[in-house]
Amino acid sequence: MTGAHEVEDLLRAYAPQVLGALVRRFGDFDLCEDAVQEALIAAAQQWPGQGVPDHARAWLVTVARRRYVDHVRSEAARRRREDAVALATPDSELLAHAADDDPGADRDDSLSLLFLCCHPDLSPPSRIALTLRAVGGLTTAQIAAAFLVPEPTMAQRISRAKQVIKAGGLSLAQPEGEDRTARLAEVRHVLYLVFNEGYTASAGDALTAPELSTEAIRLARMLHGLVPDDTETAGLLALMLLTDARRPARTGPHGELVPLAEQDRGSWDGGLIAEGVELISRTLPQGRVGPYQIQAAIAAVHDEAGSAEATDWPQILALYELLERTGPNPMVTLNRAVAVAMVHGPRAGLELLDGLAADRLLARNHRLLATRAHLLELLGDREGAASAYREAARHTTSAPERRHLAERARRLG
């Protein structure tokens, strides 16, 4: 017998591979996903008691393919598609092989499926939702709960994404050359957004949504395994590992936010830190340095410091300056301002923030306001810092952040 948790882990790993195989074969994303879900349910019911087949992925592909053909053949209103599928899939092929012995099921289409879910014709929210649903295996309800939207809203978002795929005739065919590079960058960006939302939820009563950050790491591991020579993918995975290592210390006993400088570093996950440091140390010397690798290097400097006072801020500042040169980004400048303040004093950091405050979109951003409050506090301006903390609290949609900022203001006031 096989444990239920072991079976669940296997099914999560195989799900995108099986869906990719069906979509490549039949093209109908929506119906293929339904067939794969039925195959996964069948496996979840049979494998714990009967044992995992020797060729588990082939078993799933074969069962899902049979379910797909059964669906098509049962719909009299879709006679043309039935004929097409029947011609493409002879009965001899459906009946000849045992479900765990399909010689054609060895191809792994996970990367192609990720490319499809992150197609530029889809909106960014749709890419995230479809990736988590089709590749991550999360239910619509889980995704909706993580992003704090009603389940029908998320279901519509996923449905629209599938309609775009169908209407545009989008397929699993992998792009080539520059198109492939650009699509891989889209995949990384989607996983980065998913991780960030999990690490610091943009709204709601909880600071984190661990199921999202955990899933983003799992998918980043999978992507790194599919493109092991891509240095930015390695950098993204290292960044996630090094950042998520701090998650146990980010909240107090009542869910309150604990700033980095005040965290108990003994509760950081040493295994994730060691893995992340090893990965980024092996990747950086390859010479193709991009923003994810630089961010991972910054995270490594923080994680390797034994205390907040021991942090190598000059090195972090140099890395932020390098990161800023890879592309203008106000959030990078905001973080650089903190590093500038730690190296050259809070007044120098505040001068950088003044430039960002001129941006109408950023002027009321709670992170900018909170950073200004922190630097004013370092400068000794308690009244100004308290006022900035209060204003930052008014502009955040995260309840833990709001409570933290209001408490900082109260202490100073």
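# A helical chain, from one loop residue outward

Leu-207 sits in the loop that runs between helix 10 (177–199) and helix 11 (210–226). The model described here is predicted. Is Leu-207 buried or exposed? Its relative accessible area is 3%, under the 20% cut-off, so Leu-207 counts as buried.

Which residues does Leu-207 contact, once neighbours within four places in sequence are set aside? Tyr-199, Thr-200 and Ala-201 come before it in sequence. Arg-250, Thr-251 and Leu-257 are also in contact with Leu-207. Pro-400 and Glu-401 complete the list. Asp-312 makes a reference point elsewhere in the chain: its C-alpha lies 27 Å from that of Leu-207, with the two positions 105 residues apart in sequence.

## Whole chain

The protein chain holds 20 helices and 0 strands. Its 413 residues are 50% buried. Along the principal axes, the C-alpha atoms fill a box of roughly 80 × 45 × 40 Å. Accessible surface totals about 19500 Å², and carbon and sulfur atoms own 51% of that area.

Contacts reach across the sequence. Take the contacts between residues at least 6 apart: 65% of them join residues at least 24 apart.

Charge comes next. There are 45 positive and 56 negative side chains. The centres of the two sets lie 5 Å apart.

## Two buried residues in helices

Thr-243 belongs to helix 12 (residues 231–244). What does Thr-243 touch, not counting residues up to four places away in sequence? The partners are Phe-195, Tyr-199 and Ala-299. Tyr-199 thus appears again: Leu-207 contacts Tyr-199, and Thr-243 touches Tyr-199 too. Thr-243 has a relative accessible area of 12%, under 20%, and is therefore buried.

Ser-126 is placed in helix 7 (residues 124–135). With neighbours within four places left aside, Ser-126 is in contact with Arg-157 and Ala-161. Its relative accessible area is 9%, which means that Ser-126 is buried as well.

## Salt bridges

Side chains of opposite charge can pair when their charged atoms come close. How many salt bridges does the count give? The count comes to 21.

One of them joins Glu-215 and Arg-12, with 2.1 Å between the closest N and O atoms. This pair links distant parts of the chain: Glu-215 is in helix 11, Arg-12 is in helix 1 (residues 4–26), and 203 residues separate them.

Arg-24 and Asp-109 form another salt bridge, at 2.9 Å from N to O. Distant parts of the chain are linked here too, 85 residues apart: Arg-24 lies in helix 1, and Asp-109 lies in the loop between helix 5 (91–96) and helix 6 (110–117).

Glu-278 pairs with Arg-282, and the closest N and O atoms are 2.9 Å apart. Why are Glu-278 and Arg-282 separated by about one helical turn? Because they are 4 residues apart in helix 13 (residues 270–283). Beyond single pairs, Asp-30, Glu-33, Arg-133 and Lys-162 are joined into one network by salt bridges that share partners.

The table gives the accessibility of the residues in the three pairs.

| Residue | Relative accessible area | Class |
|---|---|---|
| Glu-215 | 3% | buried |
| Arg-12 | 25% | partly exposed |
| Arg-24 | 33% | partly exposed |
| Asp-109 | 2% | buried |
| Glu-278 | 41% | partly exposed |
| Arg-282 | 45% | partly exposed |

In the pair from helix 11 and helix 1, Glu-215 is buried, whereas Arg-12 is partly exposed. In the second pair, Asp-109 is buried, whereas Arg-24 is partly exposed. In the helix 13 pair, Glu-278 is partly exposed, and Arg-282 is partly exposed.

## A nonpolar surface patch

Which residues form a nonpolar patch on the surface? Met-342, Val-343 and Leu-378 do, and together they have about 230 Å² of accessible area. Val-343 is part of helix 16 (residues 330–344). Why can Val-343 join a patch, given its relative accessibility of 31%? Patch members need over 30%, so Val-343 passes at 31%. By class, Val-343 is partly exposed.

Definitions and conventions. Residues are numbered from 1 along each chain as its sequence is written. This is a predicted model: local features need pLDDT of at least 70, side-chain atom pairs count only at pLDDT 80 or more; totals for chains, interfaces and linings use all residues. Side-chain values use heavy atoms; hydrogens and water are left out. Patches are made of residues with over 30% relative accessible area and no salt bridge: like charges are joined within 9 Å, nonpolar side chains (Val, Leu, Ile, Met, Phe, Trp, Tyr) within 5 Å. Accessible areas come from the Shrake-Rupley method with a 1.4 Å probe; for residues, only the protein chains shown count as cover. A salt bridge is a side-chain nitrogen of Lys or Arg within 4 Å of a carboxyl oxygen of Asp or Glu. Buried means under 20% relative accessible area, exposed over 50%, partly exposed in between (1.4 Å probe, protein chains only). Contact means heavy atoms within 4.5 Å. Lys and Arg count as positive and Asp and Glu as negative; His and the chain ends are not counted. The place of a charge is taken as NZ of Lys, CZ of Arg, CG of Asp or CD of Glu.
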